[in-house]
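Hi everyone, thanks for coming. Have a look at the structure I've put up, and I'll talk you through how its helices pack.

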Amino acid sequence: MYGYLIDLYHATVRHLGALKFNKASEVHRTLTSLYASIIELTNSAIIIREGGAYTGMDILLRSAMEAHVDSIWRAATST
């Protein structure tokens, strides 16, 4: 799971430059918020793990995965 977390973080940061944002669009605001949540949560979990601790990682990982799924759903259902 830790390897997936690292991969998710790096992929998310790598694609950040391709992000298009229109502040007038509710969809763009929502997706950008979810994207930022994924970056913040995965980075926090990586820092905890690399520090040798595990407490709280399950909560961070669940929230990151929920944000990831929400962003996929929102992107697929937006018109």
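Let's start with a bit of vocabulary: a crossing is left-handed if the near helix is turned anticlockwise from the far one by less than a right angle, and right-handed if clockwise. Helices here are DSSP runs of H or I, at least four residues, numbered from the N terminus. Now, this is a predicted model, where local features need pLDDT of at least 70 and side-chain atom pairs count only at pLDDT 80 or more, while totals for chains, interfaces and linings use all residues. Residues are numbered from 1 along each chain as its sequence is written, and side-chain values use heavy atoms, leaving out hydrogens and water.

So how does H1 pass H3? In a left-handed crossing. On the H1 side, Tyr4, Leu5 and Leu8 meet Met57, Leu61, Met65 and His68 of H3, where contact means heavy atoms within 4.5 Å. Of the residues in that contact, 6 are nonpolar, 1 is polar and none is charged; Ala, Val, Leu, Ile, Met, Phe, Trp, Tyr, Cys and Pro count as nonpolar, Asp, Glu, Lys and Arg as charged, and the others, Gly among them, as polar.

Okay, over to Ile48, which sits in helix H2. Is it buried or exposed? Neither: its relative accessibility is 24%, so Ile48 counts as partly exposed. Buried would be under 20% relative accessible area and exposed over 50%, with partly exposed in between, using a 1.4 Å probe and protein chains only. Beyond its neighbours within four places in sequence, Ile48 touches Ala53, Tyr54, Thr55, Met57 and Leu60. With that same kind of neighbour set aside, Ala64 is in contact with Ile38, Leu41 and Thr42.

Methods
Helices (H or I, at least four residues) and strands (E, at least two) are DSSP runs, numbered from the N terminus.
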